[in-house]
Amino acid sequence: MKELAYNEDEYDLLKELFNVAMGQAGKGLAVLLNSFVDLSIPDIKIVQAEKIIETITEDSAFNKDETVTAIRQTFYNDSLVEGETIVFFGESSFAAVAEVLGFSLAMDISRQNELLLEISNIVSGASINGFSNQLFKTEMTFSPPAIINEQVELNKLLYSIFMRRQLQWDYTLFVKIKFKLKSEAFKSDLLVFMSEKSIETIKIYLDKQLETM
């Protein structure tokens with residue numbers, strides 16, 4: 001397969017689009033949680049399958065031995081792009097959100113998971129649609145968010161998902177954004193993976209926008 005790459009101008013525009021999209025996602029989350037949400041600058045790069053675990057853990061909100069709950073959601077537009085988001089929540093995320101919203105910490109585990117699924121859905125939907133609306137002038141279709149694993153050590157989780165022999169792709173367009181509430185007990189990573197076909201489609205649309213600047 002040919003090597004996939006973006007030039008500096010294409011990367012700059014891509015970061016600008018995701019910055020705007022994440023601003024919209026942060027506003028949605030701030031309204032839900034009634035709390036200031038701090039977002040990192042998006043880390044965006046094309047990554048080879050052999051390097052994906054290393055790239056995810058590099059500058060993550062979590063150490064490799066920390067326990068996380070992971071939620072996955074796929075998205076697509078048949079004629080444009082396809083991909084998935086994975087959101088990591090830390091062990092203390094529910095307690096931090098419950099404190100902000102005034103919920104009982106004694107809430108059963110299924111209700112706790114519903115709350116994390118709702119947060120993941122808001123962040124993933126707003127960020128991907130925010131990006132898609134700016135670049136493609138259309139929104140994506142999403143699957144319902146689903147929990148991959150509950151309270152698993154990050155390192156073990158990554159090797160269970162991203163072992164090279166399990167992957168059907170050679171390259172992905174990878175985006176990582178860290179977000180946390182004013183209370184640092186809540187922290188999370190939003191990871192976005194887009195297919196090789198999507199990398200090429202996005203490049204075409206980025207170049208179209210750059211031509212008009």
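Are helix 4 and helix 6 oblique or parallel to each other? In this predicted model, the two helices pack at an angle of about 55°, with their axes 10 Å apart. Angles under 35 degrees count as roughly parallel and 65 to 115 as roughly perpendicular, so helix 4 and helix 6 are oblique to each other.

**Where the two helices meet**

Helix 4 covers residues 109-136 and helix 6 covers residues 196-211. If you would like to find the contact on your screen, look for F131, Q134, L135 and F136 on the helix 4 side. Their partners in helix 6 are T201, I202, Y205, L206 and Q209. Sorted by class, this contact holds 6 nonpolar and 3 polar residues, with no charged residues.

Here is a general point to keep in mind while looking at such a list: an α-helix has 3.6 residues a turn, so residues three or four places apart point the same way.

**A closer look at helix 6**

Helix 6 is made of 16 residues and spans 23 Å from its first C-alpha to its last, close to the 22 Å expected at 1.5 Å a residue. Its buried residues are E196, S198, I199, T201, I202, L206 and Q209. What do these buried residues pack against? Their neighbours are helix 1, helix 4, and four strands: strand 2 (43-48), strand 4 (82-90), strand 7 (171-181) and strand 8 (187-194).

T201 makes a handy example from helix 6. Leaving out residues up to four places away in sequence, T201 touches L80 and F136. Its relative accessibility is 13%, and because buried means under 20%, T201 counts as buried.

**The nonpolar cores**

The largest nonpolar core has 47 residues, and the members that touch the most others are L14, F131, L173 and I202. Helix 1 (residues 8-33) gives this core its largest share, 10 residues. Two of these names may look familiar: F131 and I202 also take part in the contact of helix 4 with helix 6.

Which residues does L14 contact, leaving aside its neighbours within four places in sequence? They are Y6, I44, F131, L173, I202 and L206. There is also a second, separate core of 21 residues, which includes A49, I53, F62 and F193.

**Some individual residues**

The table gathers a few residues with their places and relative accessibility.

| Residue | Place | Relative accessibility | Class |
|---|---|---|---|
| N113 | helix 4 | 11% | buried |
| E114 | helix 4 | 45% | partly exposed |
| K137 | loop between helix 4 and strand 5 (141-142) | 65% | exposed |
| Q151 | strand 6 (residues 146-153) | 39% | partly exposed |

N113 touches I147 and E150, again not counting residues up to four places away in sequence. As for E114, this residue and V68 are 46 residues apart in sequence and 16 Å apart in space, C-alpha to C-alpha.

The other two residues in the table are worth a look at their backbone. K137 is not a glycine, yet it has a positive phi of about 60°. Q151, also a residue other than glycine, has a positive phi near 50°.

How values were computed: Residues are numbered from 1 along each chain as its sequence is written. This is a predicted model: local features need pLDDT of at least 70, side-chain atom pairs count only at pLDDT 80 or more; totals for chains, interfaces and linings use all residues. Side-chain values use heavy atoms; hydrogens and water are left out. Axes are lines fitted to C-alpha atoms, for helices over the stretch in contact, and angles run from 0 to 180 degrees between N-to-C directions. Angles under 35 degrees count as roughly parallel, over 145 as roughly antiparallel, 65 to 115 as roughly perpendicular and the rest as oblique. Contact means heavy atoms within 4.5 Å. Ala, Val, Leu, Ile, Met, Phe, Trp, Tyr, Cys and Pro count as nonpolar, Asp, Glu, Lys and Arg as charged, and the others, Gly among them, as polar. A nonpolar core is a set of buried Ala, Val, Leu, Ile, Met, Phe, Trp, Tyr and Cys residues joined through side-chain atoms within 4.5 Å. Buried means under 20% relative accessible area, exposed over 50%, partly exposed in between (1.4 Å probe, protein chains only). The expected span of a helix is 1.5 Å times one less than its number of residues.
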